[in-house]
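Here's a structure to walk through together. Have a look at the fold before reading on.

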Amino acid sequence: MADIPYHVDYDEPFGPKGKCPWITLNGEEIGDSQLIMERLGSMYNKNFSSALTQEQKAVAQAMRIMVDEHLVWCLVVWRYIVDGGRSLLACMEWPRFTRLFIPRLKYKIEKVAKLQGIGRHSSTEVEEMGRKDIAALSVYLGNNQ
C-alpha cells in the first residue's frame with residue numbers, strides 16, 4: 001500500500017515482545033504495528049495520515065486504540081476461552097500432539113485476560129462489548145473508503 005519493499009519470513013511467528021506483528025529492519029527487531037508504521041514512515045518519508053484533518057487523526061487514534069486494546073481482547077476471549085481454541089484448530093493443520101497444549105494455552109490466556117481486565121467479565125458481557133466496538137467502527141466508517 002505504501003510501496004515499501006518487504007520480505008515475509010514465516011520461520012519466527014513472534015517478535016521481540018512475544019507478539020505479532022513485528023519486523024526486522026536493518027537487523028533491529030521492532031514490535032507493535034503503530035511503532036512499525038512510525039519507523040517505516042520516517043525512514044521512507046511516508047506520512048500515512050497526511051490526507052487527514054486534525055479531527056480525523058484524533059478519531060483514527062481513538063479507533064486504533066479501541067481495536068488494538070479492547071476489541072482484540074474481546075476476540076481473544078471468544079477464540080481461546082469461550083471457543084476453547086476449537087476454531088483455531090479447525091482452520092489450520094496441526095500435528096495431533098499440539099492439541100494437548102490447548103488447555104495450557106487457554107489457562108495462560110485466561111490469566112492474561114484477567115490481568116488486562118476483560119477476563120473479569122462474563123463471556124456474554126465481553127461479547128456485547130465486542131459487538132459495540134464493531135458497531136462503533138461500522139457507524140464511523142460508513143461507506144467511506
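What follows goes from the overall layout to the helix packing and then to a few residues in and around the strands.

**Overall layout**

Keep in mind that this is a predicted model. The protein has five helices and two strands, and from the N terminus the order of elements is β-β-α-α-α-α-α. So much for the parts list; the whole C-alpha trace spans about 45 × 40 × 30 Å along its principal axes.

There are two domains: domain 1 takes in 1–48 and domain 2 takes in 54–143. Their centres, taken over C-alpha atoms, are separated by 22 Å. Of the 145 residues in the protein, 22% are buried. Among the contacts with a separation of 6 or more, 48% come from residues 24 or more positions apart.

**How α2 packs**

Two packed helices are described by the angle between their axes and the distance between the axes. Helix α2 covers residues 54–82, and two of its packing partners are α4 and α5.

Take α4 to begin with, which runs over residues 102–116. The axes of α2 and α4 come within 10 Å and cross at roughly 150 degrees. That makes α2 roughly antiparallel to α4, because angles over 145 degrees fall in that class. The crossing is left-handed. On the α2 side, the contact is made by E69, W73, V76, V77, Y80 and I81. Facing them from α4 are L105, K106, I109, E110, V112, A113 and Q116. By class, this contact divides into nine nonpolar, one polar and three charged residues.

Now for α5, residues 123–141. Here the axes are 9 Å apart and the packing angle with α2 is about 150 degrees. The crossing of α2 and α5 is left-handed too. From α2, the contact draws on Q56, V59, M63, M66, V67, H70, L71, C74, V77 and V82. From α5 come S123, V126, M129, G130, D133, I134, A136, L137 and Y140. The class count for this contact is 14 nonpolar, four polar and one charged.

One residue to pick out is V77 of α2: it is listed in the contact with α4 and again in the contact with α5.

**Around the strands**

Which residue in the loop between β1 and β2 has a positive phi without being glycine? That's N26, with phi near 50 degrees, in the loop that links β1 (22–25) and β2 (28–31). N26 counts as exposed, because its relative accessibility of 68% is over the 50% cut-off.

Further along, D32 lies in the loop between β2 and α1 (33–43). D32 isn't a glycine either, yet its phi is positive at about 90 degrees. With a relative accessible area of 34%, D32 is partly exposed.

T24 belongs to strand β1, and T24 is partly exposed as well. T24 and Y6 are 18 residues apart along the chain, and their C-alpha atoms are separated by 9.9 Å.

Here are the accessibility values for these three side by side.

| Residue | Relative accessible area | Class |
|---|---|---|
| T24 | 49% | partly exposed |
| N26 | 68% | exposed |
| D32 | 34% | partly exposed |

**Pulling it together**

If you go back to the model, start with α2, whose left-handed crossings involve α4 and α5. Then turn to the loops that hold N26 and D32, with their positive phi values near 50 degrees and of about 90 degrees.

Note on methods
Residues are numbered from 1 along each chain as its sequence is written. This is a predicted model: local features need pLDDT of at least 70, side-chain atom pairs count only at pLDDT 80 or more; totals for chains, interfaces and linings use all residues. Side-chain values use heavy atoms; hydrogens and water are left out. Axes are lines fitted to C-alpha atoms, for helices over the stretch in contact, and angles run from 0 to 180 degrees between N-to-C directions. Helices (H or I, at least four residues) and strands (E, at least two) are DSSP runs, numbered from the N terminus. Angles under 35 degrees count as roughly parallel, over 145 as roughly antiparallel, 65 to 115 as roughly perpendicular and the rest as oblique. A crossing is left-handed if the near helix is turned anticlockwise from the far one by less than a right angle, and right-handed if clockwise. Contact means heavy atoms within 4.5 Å. Ala, Val, Leu, Ile, Met, Phe, Trp, Tyr, Cys and Pro count as nonpolar, Asp, Glu, Lys and Arg as charged, and the others, Gly among them, as polar. Domain bounds come from an automatic or database domain assignment. Buried means under 20% relative accessible area, exposed over 50%, partly exposed in between (1.4 Å probe, protein chains only).
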